[in-house]
Amino acid sequence: MGKFRSVPVIALCALFLFLASGVTLLSSSVYREVQASSERRSDQRMALSYLISQLRAGDQAGGITIGNYGDVDAIFIADGANYETILYCHGGYLMELYAEKGLAFSPEDAVRIAPARSLTISQNAGLIHIEVEGDDGIGSQGDYLIQSNLTRIEIPPEEEQEASQSEAQMGELLLGEPMFGEPPFGSPNEEGAS
């Protein structure tokens with residue numbers, strides 16, 4: 001009779017061991033997929049961040065041009081009068097080519113920056129819209145406002161004074177007398193007097 005009591009216990013332990021192994025294998029494959037997805041997204045964010053950083057560094061009057069390098073969209077960033085940085089996608093990578101203006105290079109001559117299937121660039125006035133598509137077809141996008149094209153508007157001193165007077169009047173309106181008569185329960189000063 002003692003032998004038969006241990007059979008269900010051993011069977012339950014074996015079942016538990018089998019289920020625990022299955023859960024471990026399943027969770028490890030899910031973890032690997034999440035990790036791979038996270039790496040792909042990180043590469044895309046890195047490519048977009050790199051492009052925005054390069055735009056900031058080259059943001060000077062006439063320093064940024066959007067165009068085509070071969071048959072793909074590209075960003076041209078001037079470095080002085082004779083050199084430029086060209087950013088584009090080729091062969092599954094975001095590429096950077098630093099070269100003398102006007103010289104012909106093949107797209108493979110550039111440095112690989114990050115994995116990217118395509119780069120789409122559009123410009124509306126001074127706003128550059130960038131979309132980077134990763135290897136998996138998922139993209140990230142961002143915008144950069146060219147600062148060197150902005151015009152600073154100076155307010156003459158008499159307009160500043162008028163603006164500050166208007167602000168003071170608005171403050172009186174918001175903090176002054178109630179707009180619809182007295183509060184329903186009297187003012188706080190009346191409560192303290194009784």
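Buried means under 20% relative accessible area, exposed means over 50%, and partly exposed covers what falls in between. With that in hand, welcome to a set of close-ups of a predicted model.

**View 1. Leu15 sits on helix 1 and belongs to a nonpolar surface patch.** Helix 1 covers residues 2-57, and Leu15 is found within this helix. Its relative accessibility is 45%, so Leu15 counts as partly exposed. Leu15 joins Leu12, Phe18 and Leu19 in a nonpolar patch on the surface. Together these four residues offer about 450 Å² of accessible area.

**View 2. The whole chain, for orientation.** Three helices and eight strands make up the secondary structure of the protein. Followed along the sequence, they give the pattern α-β-β-β-β-β-β-β-β-α-α. The protein has 194 residues, and 22% of them are buried. About 14000 Å² of the protein is exposed, with carbon and sulfur atoms supplying 58% of that area. Among contacts with a separation of 6 or more, 33% come from residues 24 or more positions apart.

**View 3. Glu84 is a buried acidic residue without a salt bridge.** Look for Glu84 in strand 3, which runs over residues 83-90. The nearest side chain of opposite charge belongs to Lys101, and it is 5.3 Å away. A salt bridge needs a side-chain nitrogen of Lys or Arg within 4 Å of a carboxyl oxygen of Asp or Glu. Leaving aside residues up to four places away in sequence, Glu84 touches Phe76, Ile77, Ala78, Asp79, Leu97, Tyr98, Ala99 and Lys101.

**View 4. Tyr69 and Tyr88 form one of the two aromatic pairs in the structure.** Their ring centres are 4.6 Å apart and their planes meet at 35°, so this pair is tilted. The pair links distant parts of the chain, with Tyr69 in strand 1 (residues 64-69) and Tyr88 in strand 3. In sequence, the two tyrosines are 19 residues apart. Are these partners buried or exposed? Both Tyr69 and Tyr88 are buried.

**View 5. Tyr83 and Tyr98 make a stacked pair.** Here the ring centres are 5.8 Å apart and the planes lie at 10°, so the pair counts as stacked. Tyr83 is in strand 3, while Tyr98 is in strand 4 (residues 93-100). This pair, too, links distant parts of the chain, its members being 15 residues apart. Tyr83 is partly exposed, with a relative accessible area of 36%. Tyr98 is likewise partly exposed, and its relative accessible area is 48%.

**View 6. Glu133 and Arg117 form a salt bridge.** How many salt bridges does the count come to? The count comes to one salt bridge. In the pair of Glu133 and Arg117, the closest N and O atoms are 3.0 Å apart. Glu133 belongs to strand 7 (residues 127-133), whereas Arg117 lies in the loop between strand 5 (111-115) and strand 6 (118-124). The two residues are 16 residues apart, and their pair links distant parts of the chain. Glu133 has 24% relative accessibility and therefore counts as partly exposed. Arg117 is partly exposed as well, at a relative accessible area of 46%.

**View 7. Ala125 has a positive phi value.** Follow the chain to the loop between strand 6 and strand 7, where Ala125 lies. Its phi is near 55°, a positive value in a residue other than glycine. With a relative accessible area of 68%, Ala125 is exposed.

Notes:
Residues are numbered from 1 along each chain as its sequence is written. This is a predicted model: local features need pLDDT of at least 70, side-chain atom pairs count only at pLDDT 80 or more; totals for chains, interfaces and linings use all residues. Side-chain values use heavy atoms; hydrogens and water are left out. Patches are made of residues with over 30% relative accessible area and no salt bridge: like charges are joined within 9 Å, nonpolar side chains (Val, Leu, Ile, Met, Phe, Trp, Tyr) within 5 Å. Accessible areas come from the Shrake-Rupley method with a 1.4 Å probe; for residues, only the protein chains shown count as cover. Helices (H or I, at least four residues) and strands (E, at least two) are DSSP runs, numbered from the N terminus. Buried means under 20% relative accessible area, exposed over 50%, partly exposed in between (1.4 Å probe, protein chains only). Lys and Arg count as positive and Asp and Glu as negative; His and the chain ends are not counted. Contact means heavy atoms within 4.5 Å. Rings of Phe, Tyr and Trp (its six-membered ring) pair if their centres lie within 6.5 Å; planes under 30 degrees apart count as stacked, over 60 as edge-to-face and the rest as tilted.
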